[in-house]
Amino acid sequence: MDWPIAEVARMSGVTARTLRHYDDIGLLPPARIGANGHRYYGERQLLTLQQILVLRALGLGLEVIGRVLAEQVDQVEALRGHRRRLLAERDRLDVLAATVTRTITELEQSRKDGTPMTINRPENLFDGVQPEQYQDSLRDFPEHAEQVARRVAGMSPQDIEAGQRERTARMIRLAELRAAGHAADAEPVQAEIDAQYRALTALRPVSAQEFREIGRACVDNPSWHAAYDAIAPGLAAFQRDAVDAYATDRPDAASTA
């Protein structure tokens with residue numbers, strides 16, 4: 001039995017465009033191509049796609065995944081290894097979720113008391129956080145990843161921590177706006193998205209379309225999706241929709257930033 005590309009996209013949550021890209025780079029060729037030119041996938045291809053998505057969730061780039069798939073001998077043993085890494089990642093995300101929850105609680109209490117938040121142990125803000133994963137997740141945007149890598153190379157550990165702190169703060173602010181009932185295209189939300197866009201363009205020009213694709217990656221990229229939804233379920237989709245609204249209203253964003 002085999003399935004057309006549209007059905008595989010529906011089952012897996014991977015876009016047909018991504019599946020075609022996997023075929024183009026030799027990562028996941030279809031079982032056959034029909035007379036209508038459509039790709040069809042069999043059970044073996046679905047198992048391979050599962051492995052690809054698992055490895056993506058673990059932060060591996062497509063080039064590395066290709067090598068892993070080419071070198072593996074026993075599929076069951078390979079899956080056992082993937083499972084061990086997934087369980088370790090689950091534990092890390094549990095710690096990260098607890099970290100963010102603690103920070104939200106402390107921020108809310110400080111606002112209620114009308115006093116600044118006191119951080120007795122700053123390192124607690126970063127339990128479960130691995131800044132290098134942010135860079136790994138940019139591999140689908142190689143030009144931007146290169147600029148980020150250059151920026152990070154010249155930063156002190158304190159600056160890197162500050163950058164991570166600010167990214168987390170932005171995610172929390174967006175979660176708070178969503179919880180307050182603001183729509184993705186509402187002015188306060190769009191102001192936050194504008195700040196995100198300007199942070200990106202501080203590194204290099206970013207077109208509205210590229211910004212839209214980065215926004216969609218918040219859902220499509222497993223690492224980003226997990227990070228956003230660890231703060232608040234549905235936040236990844238909210239971020240994507242807010243970026244899409246921003247890019248639609250500012251089609252010439254790169255030239256005006």
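Before you click anything, one definition: an axis here is a line fitted to C-alpha atoms, for helices over the stretch in contact, and angles run from 0 to 180 degrees between N-to-C directions. Helices (H or I, at least four residues) and strands (E, at least two) are DSSP runs, numbered from the N terminus.

What you have open is a predicted model, where local features need pLDDT of at least 70 and side-chain atom pairs count only at pLDDT 80 or more, while totals for chains, interfaces and linings use all residues. Residues are numbered from 1 along each chain as its sequence is written, and side-chain values use heavy atoms, with hydrogens and water left out.

**The whole view**

Show the cartoon: there are 13 helices and three strands in the protein. Of its 257 residues, 37% are buried; buried means under 20% relative accessible area, exposed over 50%, and partly exposed in between (1.4 Å probe, protein chains only). Switch on the surface and you're looking at about 14,300 Å² exposed, with carbon and sulfur atoms supplying 52% of it. That area comes from the Shrake-Rupley method with a 1.4 Å probe; for residues, only the protein chains shown count as cover.

**Stop one: the sheet**

Select residues 2-4, 32-33 and 39-42. The three strands make an open sheet in the order β1-β3-β2, with antiparallel pairing; two strands pair if DSSP finds at least two bridges between them. At the edges sit β1 and β2, each pairing on one side only. Between β1 and β3 there are three bridges. Find Trp 3, and opposite it you'll see Tyr 41 in β3.

Now add helix α1, residues 5-12: α1 packs on the sheet, touching β1 and β3, and its direction makes about 90 degrees with that of β1. Touching, or contact, means heavy atoms within 4.5 Å. Helix α3 (residues 43-57) packs on the sheet too, also touching β1 and β3, at about 85 degrees to the direction of β3.

**Stop two: Gln 45**

Stay on α3 and pick out Gln 45. Is Gln 45 buried or exposed? Gln 45 counts as buried, because its relative accessible area is 8%. Leaving aside neighbours within four places in sequence, Gln 45 is in contact with Leu 28, Pro 29, Pro 30 and Ala 31.

**Stop three: Val 68**

Jump to helix α4, residues 62-71, and select Val 68. Val 68 has 26% relative accessibility, so it counts as partly exposed. Beyond its neighbours within four places in sequence, Val 68 touches Leu 55, Leu 60 and His 82. Try the distance tool on the C-alpha atoms of Val 68 and Leu 55: they are 9.2 Å apart, with their positions 13 residues apart along the chain.

**Stop four: helices around α12**

Colour α12, residues 235-249, and then α11, residues 222-231. Their axes come within 7 Å and cross at roughly 110 degrees. So α11 is roughly perpendicular to α12; angles under 35 degrees count as roughly parallel, over 145 as roughly antiparallel, 65 to 115 as roughly perpendicular and the rest as oblique. From α11, the residues His 225, Tyr 228, Asp 229 and Ile 231 meet Leu 235, Ala 236 and Gln 239 of α12.

Last, add α10, residues 208-220: the axes of α10 and α12 also come within 7 Å, but cross at roughly 170 degrees. That makes α10 roughly antiparallel to α12. Among the α10 residues meeting α12 are Phe 211, Arg 212 and Val 219.
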